[in-house]
Each structure stands twice: as structure tokens, then as C-alpha cells.
Amino acid sequence: MLTDQERQEIEAEVARSFNRRAACVGAMRIVQARRGWVSDEAMGDLAEALTMTADELEGVATFYNLIFRRPVGKHVVKVCDGAVCWMLGGQSLMQHLETQLGIKAGGTTADGLVTLLPICCVGDCDHAPVMVVDDTMVRDLTPEKIDELIANGFEVTG
Amino acid sequence: MERVLTTNFRPGLPPMNLREYEAAGGYQALRKAIKEHTPGEVVQVVTDSNLRGRGGAGFPTGQKWANLPPCETCEQPRIMIANLDEMEPGTFKDRYLVENDPHQFLEGLLIACYACRSELAYVFVRDVYRKPAAELIEQALAEAEQAGYVGRNVLGSGWNCEVHVHMSAGRYICGEAMGILNAMEGRRAIPRTKPPHEVASGAWGKPTVVNNVETYCCVPHIVLRGAEWFRGLGKAKDAGTKIYGVSGRVKRPGSYELPMGTTLNELLDEAGGMQEGYQFKAALPGGASTMYLGSHEMDVPLEFEALKEIDCYFGTGTAIVVDDRTCIVGLTHNLQQFYARESCGWCTPCRDGLPWIEKLYRDQEEGRGKPGDVELLGELARSIGRNTFCALALGAIVSIESSIHKFRGEYDDHIRLGRCPFRDGH
């Protein structure tokens, strides 16, 4: 069941969209912002609200890198693997994170705190290597900076 | 040199709000366009200015607008899309423009809407630009609406214009001119067959214009100061100034507004040259989809026309500088991983060909390269390049072909040594 607040936000998204279907990515993001991910049940509810079939909506969901159809951790850490970050050591930073967190890219820590993902170039190349913690850019990364982030539970302020 | 697009930038401070922007002369161009010119006259001045699309393809902007079917015969509304899906690896210019002067961008978009007689515009923003770029655009929109620049009866002209932000969810192909239409419609963002071109039948079958953010940012200045002035800003054949970018092991990576036609040498000087202990080896002058330029090509003007003469795309104008300690094969492998992953899967050569290429590069890097692999890569690039539905795979193959052509020795070293010669510990 979509909550009343989710429905309200979705209707606001629909109101500024060309038609109901055009609001579907925004609608999935509204649910994801509150629940972290979009479950099968939520997909069914959303499809109905948007007058799409569940399969049509699934087709859109799976097309995008940042619509999560499986549960994710409290924080989603997206490590840039673009060309410039690669040149400036991004790959070893990903390995550093994997070792320190004890998970592989794509995984979530057992305590549900962090999901680690690679992401294509995030357009911040003059500060490479970079990563995005939830919606916040973390720039000019070093292993020490990453260790600090791990130590404070990935709480960053934008 | 004259700064145009970055005049209002205040490094380290928030961008100008509406009042500050107006005090600096902001929205005078929109006023002038609406009060003194017909939409057709605005299209004409942009055409005469020789402004070319800053997203990568370089299509003449005025011509694109003039290609819209006549208003009387075509379906309404006409839709304007501002492409802020900046996902070309190595590119960060549109973020720079929007984060430092959101009103300049919005004014340009509004003038374009007026010129194209459009009443509905969408700003298509990539997911990771939610903060602060998208938030700044929303703020600017709210201020502009309050001031009567957006909404019903703009500046008392009788013309209405709605502008909305569309947040995407991360997929490179959405930035493609036809893919973006499907993305807007809430469908998988696969490309579409042309014709019909989007100006005739675009999003929801309506006439649609898609322009890059930087393109819109140029428009207010052209309207205020004229086509001839704008053409005179370029150093070589193309017009205007350009937000160039430099990344890699240079002293001052960043964005630089310079005259169109600036050379790689000059750009590198702006960025303070290479970091101590590193030498220049190559550059991808305009993002991942442009070819490697070597040290013998550093005096070619970075612009659409001059680069075309050496069969290179200009792309986004944001240069990735490659130093002498970076492996060209490894870097090209990184690019191929990107393209293989971001292929939308719609057509076979791209969907199946790019992962094959990626695997061949992985073999090179991991010591499994075999004699004949380089020839196979060349053959794959040739047979994929002209046979795909859209330009994504074309972007992928330019780095393959140019690296084989200019840095063949590095490939041969990988095969001969059975490892990557640039890896630490060997």
C-alpha cells in the first residue's frame, strides 16, 4: 500500500508531468526516497496509480542504474569508476572500501549500514577521485578520507 | 580575453539570486527578445551568430530551431528540452554553469522557448546532479515565476511558458537526442528511428527541440550583443566562447572559459601544465567519445571545424589529459567497460559487440592477450561502427581506433610481456 503522503507526492509529480506515465521515474524515486528501495508490492501499487501495467513499469525500473529493486543499506555509497577517477586511483579506493567493509561492490554490509556500488563518471573530474554518498559528492578522495567516513558511519553533510 | 558565460560567477559563494542577477543585467535579454523582436527574428540572430550545439554533435542551433514546422500547421504544445543529463565521461561543464549561474541558464532556455514559440519546457537532469544543481534550478524557477518571467502571460506578452525539472535515474543513453524523448515519456530510453526528426515529431509526438545546457547559456548574450559580436569571440572558425575542462594529472584541473578554437597547448597552460614528475602523453579532447590526440596534435584548435579536418569529434570540450604513467590500453579498457555497461541493448552490434571488445581489453590487461587480438579489435570496431542504431557505439570505437593507430606499441608490449607494463610491482 502506498501511504497517503506518497500518494500526495506522486500526484504532485503527475501534475507537473505531461501525463501519468511520464511521472513514473519520479514516482519510483518518491517511494525509494522513503523506503530505500522499490519492492514488488510497491511496483504493483505504483503501476496502478500511474495507469501502467506492472510489466511496463518494471521495464522502466530495470533500465535505470539508480532505481533499486532490492533492499539497500541505510547509506548507498557510489564510487565513481569513470576514466579520470580510474587514472587517479579510483580502482584502488574501491578495493580499499571492499576490504574495510568486508563486502564486494554490489553488496550490503551485514548490519545494513552501507551498500557499495560502482557508478559511471559523476561529472566531478576536476576533483577526482570522487564518490557519492547518498546524494552528496565526496571529493578529492584518499584512503584516509575513506577511513574517516567509515569511522563516522558515512554521515556526510551536503 | 572576454568572459561571457562566467561573468557572474563568484567562486566559493552561492550563485546570484534573482535580484543580484537582475542588478547585473540579467533578464534584459529576455525582455529585449519579447518586446523588440518577433520569435522569427530571435531564431535569425541565433542562426547568424553561428552558435553550434555544445552537447557534442555541434549542430547549428538556429537551424535546428528553424527546422520546426510552421506554427500554424503543427501540433501544440511544442516542447523544449534542456539536456542536463551530463554523463559523458570526463565532462563537468554543464554542472559548472548551472551551479554557478542558474538564472543565466534559465533565461537562455526561456528565450529559446519564445523563439520556438514553445509553451512547455523540461530540464532533464541526471540523478547525481540532484544536489545542488537541480535544487538551484528549482530555486531559480520559483524566483523567476514570482517575477513574471515564467508562467502565464510572461512580461505581459500574452505568451505563456511552463518550465519543469525532470529528474532521471542514471543511464548514459538518456542523453542521446532520441533516447531522451523516450525517457521523458516514461519509457525505456532506447533510441528512435529517424526520420521523423524530433523537431517534427518528438516527445509524445509533439514538435520537440533538445539543446544542451551550455547552448542555452549562450543565447541571452547573443540576443543582447548581436550575432557579429558572438562570431568574433572565436579564435578559429567556430563562434563564441567555450567552457573547456581539463582533468587528469595537471596542476589545476577545472573549468575554463576560453575563446572557441583554443588549442590543447593553450588549455594545458591554463591548467598550469602537467604535475611534477608527469609528462603529457595524450588527451581525449572532448570526453570519452572523442579520439586520442597525441603530443604532435596539441596545436589544433579545439572546435568543431578544425577537429573535423583531422577526423576528430569536438565532443563536449572537456579534455581528459593522459600522462606518461597511464596505460593507454588500460584506460581504453575502462572506457569500453563504460560503453558495454551503458549500451541500451536495443541493437545487436552494440549489445553483443561492445562486451566482446571489453573482454578482449580485459585479456590484454590481465596478461591473456594473444597475437591477432589487436587486429580483431580493429575489425570489430570497423564492423560495429557503421551498423548501430545510434551513436553510442560510434563513441566507443573512436578510442579503440585512435589508440591502435597512435599507441600500437603499448598493445604489442602487453602481448609480448604477457602483462600490463604499467602495473605496479612488475
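Modeller: A helix is a DSSP run of H or I with at least four residues, a strand is a run of E with at least two, and both are numbered from the N terminus. This is a predicted model: local features need pLDDT of at least 70, side-chain atom pairs count only at pLDDT 80 or more, and totals for chains, interfaces and linings use all residues. Residues are numbered from 1 along each chain as its sequence is written, while chains are lettered from A and ligands numbered from 1 in the order in which they are written.

Biologist: Where is the place of B:Gly90?

Modeller: Strand E1 of chain B covers 79-84. Helix H5 of chain B covers residues 93-100. B:Gly90 belongs to the loop between E1 and H5 of chain B.

Biologist: Does B:Gly90 count as buried or exposed?

Modeller: A residue is buried if 20 or more other C-beta atoms, placed from the backbone, lie within 10 Å of its own, exposed if 12 or fewer, and partly exposed in between. B:Gly90 has 31 C-beta neighbours inside 10 Å, so it counts as buried.

Biologist: Which residues of chain A is B:Gly90 in contact with?

Modeller: Contact means that two C-beta atoms, placed from the backbone, lie within 7 Å. Neighbours within four places in sequence are left aside. In chain B, the contacts of B:Gly90 include B:Ser247, B:Leu284 and B:Ile320. In chain A, they are A:Ala83, A:Val84, A:Cys121 and A:Cys125.

Biologist: How many residues does the contact take from chain A and from chain B?

Modeller: On the side of chain A, helices H2 (24-35), H4 (54-63) and H5 (83-87) each give two or more residues. The residues on that side divide into 20 nonpolar, 7 polar and 6 charged. Here Ala, Val, Leu, Ile, Met, Phe, Trp, Tyr, Cys and Pro are nonpolar, Asp, Glu, Lys and Arg are charged, and the others, Gly among them, are polar. The contact takes 33 residues from chain A and, from chain B, 37 residues.

Biologist: Which residues of chain B does A:Trp86 touch?

Modeller: A:Trp86 lies in helix H5 of chain A. A:Trp86 is buried, with 24 other C-beta atoms within 10 Å. Not counting residues up to four places away in sequence, A:Trp86 touches A:Asp81 and A:Gln91 in its own chain. In chain B, A:Trp86 touches B:Leu331 and B:Asn334.

Biologist: How many residues does the contact take from domain 2 of chain B, where domain 1 is the other side?

Modeller: Domain bounds come from an automatic or database domain assignment. Chain B is divided into domain 1 (18-233), domain 2 (241-323) and domain 3 (328-417). The centres of domains 1 and 2 of chain B, over C-alpha atoms, are 27 Å apart. Their contact takes 13 residues from domain 1 and, from domain 2, 19 residues.

Biologist: Which strands of the sheet in chain B stand at the edges?

Modeller: Two strands pair if DSSP finds at least two bridges between them. The open sheet of 5 strands has mixed pairing and the order E6-E5-E9-E7-E8. Each edge strand has a single partner, so one side of each is left without a neighbour in the sheet. The edge strands are E6 (254-259) and E8 (293-294).

Biologist: In E9(B), which residue is the bridge partner of B:Gly248?

Modeller: Strand E5 (residues 241-248) and strand E9 (residues 318-323) of chain B pair in the parallel sense over 4 bridges. In E9(B), the partner of B:Gly248 is B:Val321.
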